[in-house]
Amino acid sequence: MSPRITALADPDRTPSGHRLAWLASGEDGDPLGSAFLRVFTREGQEHLSELQVNVHPAERRRHVGSQLLDAAVTAAREADRRSMVAQADAGTPGDHFLAARGFRKVLTLTYARLALHGPDSGKAGEVDAIVAAPHPGYTLVSWQGTVPDELARTFADSRRAMDDMPMDDTDYGVVAWDVEQVLAAAKAVADRGELLTTVAAVDASDGSIAGFSELVVPGDGKGDALHYGTGVLPEHRGRGLARWMKAEAIRLARHAHPDLGGLVTDTADSNTHMRRINDALGYVPTHQALEYQLDL
């Protein structure tokens, strides 16, 4: 028998988008799987949706995932989306599912981890030396949570540092950030109970932010933290600022969160510059994830 697909209400709407959801259940009402579709609404991403499908291992190969996908594709088209992206770890059932259903691989991401304790705990002394080394014309600042008012405008302007981040063939769009969006993003992290730390390089000549690096720590300060992004504005590149900021993020994490196990980052394989920085700082690759895209 075919599973029953039920659309679920998800009232959570943010300035960046909203989610649609579906539940697949059997004749007895037991859940078999679920699907979530994020519909992006920020300027520059009105064409984009993002899919997540989960099916219980015992229920796979019974068309549960396919019917959930059909519901999501129909909804994305009704919302006038032209692209649907989804991510899966390489070699997993999710990887095979997406490839078999018309999605094309558009990006390969390598995940890497820096252990903060034990024999594989990285190059703490070298990291501290990188932070201490002078970078003429620039200073480092950092903050927890929401950006300070006096830096909000220049921080929003600095977000364009990510506009040319290597994304290969992904139709991700270009987001035009403003102060409201920056504040909303920080609030979303706080609402999840997580801790956002931002390190920024400031141009001493005019006080503007030349680049930034963000780290999100679990609310209890344990487990692994996740790097959200490191970017430098094109006019400030070639001065070692990305490595400097990321090293400072590592140093702050070590001191502020002694119970953290490690720091995790994901980087496009084509982003050779950032991969070299990660290698130099002691990050060790753990696995790869594949970004897939379905053209609607």
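In this predicted model, the largest nonpolar core holds 29 residues, of which Leu241, Ile250, Leu260, Leu263, Leu281 and Tyr283 touch the most other members. Many elements feed this core. At least two residues come from each of β7 (104-115), α3, β9 (195-203), β10 (209-217), β11 (223-232), α6, β12 (260-268) and α7. Helix α6 gives the most, with nine residues.

Leucine 281 illustrates the packing. Beyond its neighbours within four places in sequence, Leu281 is in contact with Leu114, Lys123, Val127, Ile130, Arg243, Lys246, Ala247 and Ile250. A second, separate core comprises 25 residues, among them Leu32, Ala72, Ala88 and Leu290.

Helix α3 spans residues 124-132, and its buried residues are Val127, Ile130 and Val131. These three cover an arc of only 100° around the axis, so they lie on the same side of α3. In an α-helix there are 3.6 residues a turn, so residues three or four places apart point the same way. Gly125 and Ala132 are exposed, on the face of α3 turned away from its buried side. The cover over the buried residues of α3 includes α6 (241-256) and α7 (272-281). Of those buried residues, Val127 and Ile130 are also among the contacts of Leu281.

Strand β12 is mostly covered, with seven of its nine residues buried. Its pairing with β7 is antiparallel and uses seven bridges. Within that part of the sheet, tyrosine 111 stands opposite aspartate 266 of β12. The pairing of β12 with β11 is parallel, with four bridges. Here aspartate 224 has glycine 262 of β12 as its bridge partner. Between these two strands the chain passes from β11 through α6 to β12, a β-α-β crossover that is right-handed. The helix of this crossover, α6, is also the one that gives the most residues to the largest core.

Helix α1 covers residues 64-78. At 1.5 Å a residue, its 15 residues should span 21 Å; the end C-alpha atoms lie 22 Å apart, which agrees. Burial in α1 takes in Val64, Gly65, Ser66, Leu68, Leu69, Ala71, Ala72, Val73, Ala75 and Ala76. One of these, Ala72, belongs to the second core. Just after α1, aspartate 80 adopts a positive phi of about 65°.

Conventions. Residues are numbered from 1 along each chain as its sequence is written. This is a predicted model: local features need pLDDT of at least 70, side-chain atom pairs count only at pLDDT 80 or more; totals for chains, interfaces and linings use all residues. Side-chain values use heavy atoms; hydrogens and water are left out. The expected span of a helix is 1.5 Å times one less than its number of residues. Buried means under 20% relative accessible area, exposed over 50%, partly exposed in between (1.4 Å probe, protein chains only). The arc is that of the directions from the helix axis to the C-beta atoms. Contact means heavy atoms within 4.5 Å. A nonpolar core is a set of buried Ala, Val, Leu, Ile, Met, Phe, Trp, Tyr and Cys residues joined through side-chain atoms within 4.5 Å. Two strands pair if DSSP finds at least two bridges between them. A crossover is right-handed if, with the strands pointing away from the viewer, the path from the first strand over the helix to the second runs clockwise.
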